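Biologist: I am new to this structure and would be grateful for a close look at one part of it, the pairing of charged side chains. Please place that part within the whole as you proceed.

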Amino acid sequence: MKMRHVRTAIWQGWTANLLMIVLVSVAQADSIEGSFSNDFGELIYSRDAGLIGLKDQELAIGLFLNEDNNVVPHFTLSTEVLKDKLPIQFAIGGRGYFAALTEPDDDVVGLAFGASGRYKLPFDRLPVLGQFPIYIRSSIYFAPSITTSGSDIEIIDVDFVRGEIELTPRIHGFAGVRLFEFDRDPGDDTLLDSIIYGGASFTF
């Protein structure tokens, strides 16, 4: 068996274990979010990081897959820096990536740092829109080559803009534009996603 197939089998096993952890933990979850397009799908499980002994932080565990069979498990630890400042929410944190890439065939581990912001649009007094709060969200995470494995690899993960609508207090729908790329020098990049996507989240 080729080494590539061995690595693929290892990553598939790791991914299956990650999904099992999410499913077993769902009874204690804060939220589960699924997003998709024609090219990719992603599942993210989020909850208070007190589960691992970290106070006032959020832990998110995610799994990204695309049509080229790239598999990217990831986790995020973040903390709000503007608490109780509605309609604005702002958080900073770190995100770890464990990527099994196919073109080129490579396994990449990286640690990114970034921030996210969320703003509630002032539509509360409008007859119809006031019943369904609307939010605008954006985030950016960047891993320089010094915090990634491999040679001169940078990770760029940007949600340029994402609109969210609160359908019920527990269910949100959303759509946005995202760039997710493993950038190599001199230009042998792996573009995982650069497209409009949609999805929904459910809060427990």
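Modeller: Helices and strands are here runs assigned by DSSP, with at least four residues for a helix and at least two for a strand, and they are numbered from the N terminus. The model is a predicted one. On that basis, the protein has one helix and 10 strands. Along the sequence the helix comes at the start of the pattern, and the strands follow it.

Some overall values give the setting. Of the 204 residues in the protein, 38% are buried. Among contacts with a separation of 6 or more, 48% join residues that lie 24 or more positions apart. The protein exposes about 11,400 Å², and carbon and sulfur atoms supply 61% of that area.

I now turn to the charged side chains. Side chains of opposite charge can pair when their charged atoms come close. The structure holds eight salt bridges. One of them joins the side chains of Arg 162 and Glu 33, with N and O 3.2 Å apart. This pair links distant parts of the chain, since Arg 162 is in strand β8 whereas Glu 33 is in strand β1 (residues 31-36), 129 residues apart. Both Arg 162 and Glu 33 are buried.

A further salt bridge is formed by Arg 178 and Glu 42, whose closest N and O atoms are 2.7 Å apart. Here too distant parts of the chain are linked: Arg 178 belongs to strand β9 and Glu 42 to strand β2, with their positions 136 residues apart. Arg 178 and Glu 42 are both buried.

Glu 164 and Arg 137 form another salt bridge, in which the closest N and O atoms are 3.5 Å apart. Because Glu 164 lies in strand β8 and Arg 137 in strand β7, the pair ties together parts that are 27 residues apart in sequence. Are these two partners buried or partly exposed? Glu 164 has a relative accessibility of 5%, so it counts as buried, the cut-off being under 20%. Arg 137 has a relative accessibility of 29% and therefore counts as partly exposed. Salt bridges with shared partners join Glu 33, Arg 118, Arg 137, Arg 162 and Glu 164 into one network.

The nonpolar residues form the surroundings to be considered next. The largest nonpolar core has 17 residues, and those with the most contacts inside it are Val 72, Tyr 97, Phe 180, Phe 182 and Leu 192. Two or more residues of this core come from each of β5 (88-102), β6 (105-120), β7 (134-143), β8 (153-166), β9 (171-184) and β10 (190-203). Beyond its neighbours within four places in sequence, Phe 180 is in contact with residues including Phe 64, Val 72, Tyr 97, Ile 155 and Leu 192.

There is also a nonpolar patch on the surface, of about 890 Å², with Phe 90, Tyr 119, Phe 160 and Val 177 among its residues. Strands β5 and β8 each supply at least two residues of the patch, and β5 gives the largest share, three residues. Tyr 119 lies in strand β6 and is partly exposed, because its relative accessible area is 34%.

Three loop residues complete the account. Asp 56, in the loop between β2 (40-48) and β3 (58-66), has a positive phi of about 60° although it is not a glycine. Asn 69, in the loop between β3 and β4 (71-80), likewise is not a glycine and has a positive phi, near 70°. Asp 56 counts as exposed because its relative accessibility is 56%, and Asn 69 counts as exposed because its value is 59%.

Thr 148 is placed in the loop between β7 and β8, and its relative accessible area of 10% is why it counts as buried. Its side chain reaches the backbone oxygen of Ser 145 at 3.2 Å. A polar atom of the Thr 148 side chain also lies 2.6 Å from the backbone oxygen of Ile 153. Leaving out residues up to four places away in sequence, Thr 148 touches Val 109, Gly 110, Ala 143, Ile 153 and Ile 155.

Technical notes. Residues are numbered from 1 along each chain as its sequence is written. This is a predicted model: local features need pLDDT of at least 70, side-chain atom pairs count only at pLDDT 80 or more; totals for chains, interfaces and linings use all residues. Side-chain values use heavy atoms; hydrogens and water are left out. Buried means under 20% relative accessible area, exposed over 50%, partly exposed in between (1.4 Å probe, protein chains only). Contact means heavy atoms within 4.5 Å. Accessible areas come from the Shrake-Rupley method with a 1.4 Å probe; for residues, only the protein chains shown count as cover. A nonpolar core is a set of buried Ala, Val, Leu, Ile, Met, Phe, Trp, Tyr and Cys residues joined through side-chain atoms within 4.5 Å. Patches are made of residues with over 30% relative accessible area and no salt bridge: like charges are joined within 9 Å, nonpolar side chains (Val, Leu, Ile, Met, Phe, Trp, Tyr) within 5 Å. A salt bridge is a side-chain nitrogen of Lys or Arg within 4 Å of a carboxyl oxygen of Asp or Glu. A polar contact is a pair of N or O atoms within 3.5 Å; within protein, one must be able to donate a hydrogen and the other to accept it, and residues adjacent in sequence count only if both atoms are side-chain atoms.
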